[in-house]
Amino acid sequence: MDAGSEQARGAKGPDELRREIERTRHELGDTVEELAGKMDVKARARARADEFKDRAGAMGVQMRSTAAHAGEVGKQHRTQLMAAAGALVMVAVGAVVLVQRRHH
């Protein structure tokens with residue numbers, strides 16, 4: 001058998017084997033790093049706590065913003081309510097005055 005027929009059947013040369021070994025080592029190193037990260041419970045807990053802290057901070061900002069908006073809406077409605085109440089009082093006073101004038 002000659003070298004050409006070995007390559008045609010899928011036989012690998014030394015350079016190709018070295019590249020494959022190096023690629024496999026690299027992949028194995030990545031896998032080991034990933035597994036080590038998963039095994040580091042303290043680091044994962046710290047990361048999770050930081051994530052929750054960030055979320056809580058964002059929620060606090062959102063809640064303050066919502067409360068401020070609700071306060072503004074309340075002020076707007078309060079003004080409208082006061083105006084309506086004033087108008088109602090004026091109508092009631094006018095009605096009382098009319099009734100008194102008719103009776104006198």
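Me: What makes the contact between Arg48 and Glu51 a salt bridge?

Reply: A salt bridge is a side-chain nitrogen of Lys or Arg within 4 Å of a carboxyl oxygen of Asp or Glu. The side chains of Arg48 and Glu51 meet at 3.4 Å, N to O, so the pair satisfies that criterion. The model is predicted: local features need pLDDT of at least 70, side-chain atom pairs count only at pLDDT 80 or more, and totals for chains, interfaces and linings use all residues. Residues are numbered from 1 along each chain as its sequence is written, and side-chain values use heavy atoms, with hydrogens and water left out.

Me: Why are Arg48 and Glu51 separated by about one helical turn?

Reply: They are three residues apart in helix H3, residues 41-103; helices are DSSP runs of H or I, at least four residues, numbered from the N terminus. Salt bridges with shared partners join Arg48, Glu51 and Arg55 into one network.

Me: Why is Arg25 called exposed, and why is Glu22 called partly exposed?

Reply: Buried means under 20% relative accessible area, exposed over 50%, and partly exposed in between (1.4 Å probe, protein chains only). Arg25 has 58% and is therefore exposed, whereas Glu22 has 48% and is therefore partly exposed. These two residues form a salt bridge, with their closest N and O atoms 4.0 Å apart.

Me: How do you know that Lys12 and Glu20 form a salt bridge?

Reply: The N to O distance is 2.5 Å, so the pair meets the definition. Lys12 is partly exposed at 40%, as is Glu20 at 29%.

Notes. Helices (H or I, at least four residues) and strands (E, at least two) are DSSP runs, numbered from the N terminus.
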